[in-house]
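Trainee: I should like to understand how the terms used for a protein structure follow from their definitions. May we work through one example together?

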Amino acid sequence: MNNEQNAHDPLVERVLVSFDLAAEHHVAHCEPCQAEREKLEEALRQFGAANREYSMRPESFWEQQAARIRANRHRSHSRARSVAVLAPALGALLFAGILLVHRAPQVKPEAQALPTVQADSDHELLLAVERAVESDTPQALAPVTLIVDESDGNFPLEKTSSKKEMQSHAN
Amino acid sequence: MENALTSTLGTAAQKIAAEDFDGIVRRHQRRVHRFLLMLLRDPEEADNLTQECFLRAYQNLSSFRGESSLETWLLRIAANLARDHARNRKASFWKRLLGLDGDEDDGAVEHLPSGQASPEQILLAREDVRAVCEAAGQLSQQQRAVFLLRFVEEMELNEIATALDLQVGSVKTHLFRALQGVRSKLRNL
């Protein structure tokens, strides 16, 4: 094909794209346009034929492909069926999960509150014992405190009366 | 299995479901495969997407209302699959970088029916076909789809419009631009 631009260029395309009476009339009476149209139509015809030829496959290819499509179809069908079966079970599981989540916060605070109460009362008890020991030694523990004081070498004056009492007991 | 499917379908689809789906595959697989092969220029992908196309058709049989022919409907599914495939391929930067992308050589050039033409005529025709292939390769996928459906599948403009979900006016515009590209390639020979 020559490199010269046909002055009536778009008319050839218009004729090939769809029926256009004016363009059709022009191309039919214009030799360069007629030649271009024939050349283009021939190239397109060859292109179509070459593509149809290229896509030809042996019969075995189509049979294999049909078999693969059938297998895919069956697989998709059985998948859809198992989804239909599993969906209620999954729903029940989800429901149970939601129930558990809703219950959990009611139980937890009780469980957590108990140890803190216990810890508080223990702590208070310990403090009370310490305070009692520090403020005054109980009567029953007096001899023990004396022994401790003696071993340390301390003989406080206020404790002498107690010492005398002990000696009188020994006698 | 077919009975369960049939119960959920409309009238047009019921007719199809009553038919053997394997029969539908056998009747239309060649055309769907050819369209995808020309559009993607990758035999392996064309094969995969043909299978996917029929699977989608089977799964969506209820949406087929019989407003177009079954073949046009199948080509529409194929065109949508090809469009999604092209989008994914564009996104796969690493695939292209590593050269794993499909070989885009158009094998159609070597498949000219020789008939009774002389070797010289065959050579010239081959050059023309190569030019058309190159021009088609430079078109957008939408334009290429329109061009192929018109000049390879020899479909009417309204059928192409239905298959590609376009207005007839858009089909004409796409064809017009595609032909301009082809003519300019042929001129440069």
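Mentor: Let us begin with a definition: contact means heavy atoms within 4.5 Å. Please note that this is a predicted model, in which local features need pLDDT of at least 70, side-chain atom pairs count only at pLDDT 80 or more, and totals for chains, interfaces and linings use all residues. Residues are numbered from 1 along each chain as its sequence is written, chains are lettered from A in the order in which they are written, and side-chain values use heavy atoms, with hydrogens and water left out.

Trainee: What do the buried residues of α7(B) pack against?

Mentor: They pack against α3 (31-54) of chain A, and also against α8 (141-151) and α10 (168-187) of chain B. Helices here are DSSP runs of H or I with at least four residues, numbered from the N terminus. Among the buried residues of α7(B) are Ala125(B), Val129(B) and Cys133(B); buried means under 20% relative accessible area with a 1.4 Å probe, counting protein chains only.

Trainee: What span is expected of helix α7 of chain B, and what span does the helix reach?

Mentor: The expected span is 1.5 Å times one less than the number of residues. Helix α7 of chain B has 19 residues (119-137), for which 27 Å is expected, and reaches 26 Å from its first C-alpha to its last. The two values are therefore close.

Trainee: Why is α8(B) called largely enclosed by the rest of the structure?

Mentor: Nine of its 11 residues are buried, so the description applies. Phe147(B), Leu148(B) and Leu149(B) are included among them. For chain B as a whole, buried residues make up 48% of the 189 residues.

Trainee: What makes the pair Glu36(A) and Arg183(B) a salt bridge?

Mentor: A salt bridge is a side-chain nitrogen of Lys or Arg within 4 Å of a carboxyl oxygen of Asp or Glu. The N to O distance for Glu36(A) and Arg183(B) is 2.2 Å, so the pair satisfies the rule. Across the interface of chain A and chain B, the rule finds eight salt bridges.

Trainee: How large is the area buried between chain A and chain B?

Mentor: Buried area is the accessible area (1.4 Å probe) that two parts lose on being put together, summed over both. For chain A and chain B this comes to about 4,400 Å², and carbon and sulfur atoms give 63% of that area. In chain A, Phe47(A), Tyr54(A) and Arg73(A) lose the most area to chain B, together 18% of what that side buries. The contact takes 43 residues from chain A and 49 residues from chain B.

Conventions. Helix = DSSP H or I, 4+ residues; strand = E, 2+ residues; numbered from the N terminus. Buried < 20%, exposed > 50% of the residue type's maximum accessible area, 1.4 Å probe, protein only.
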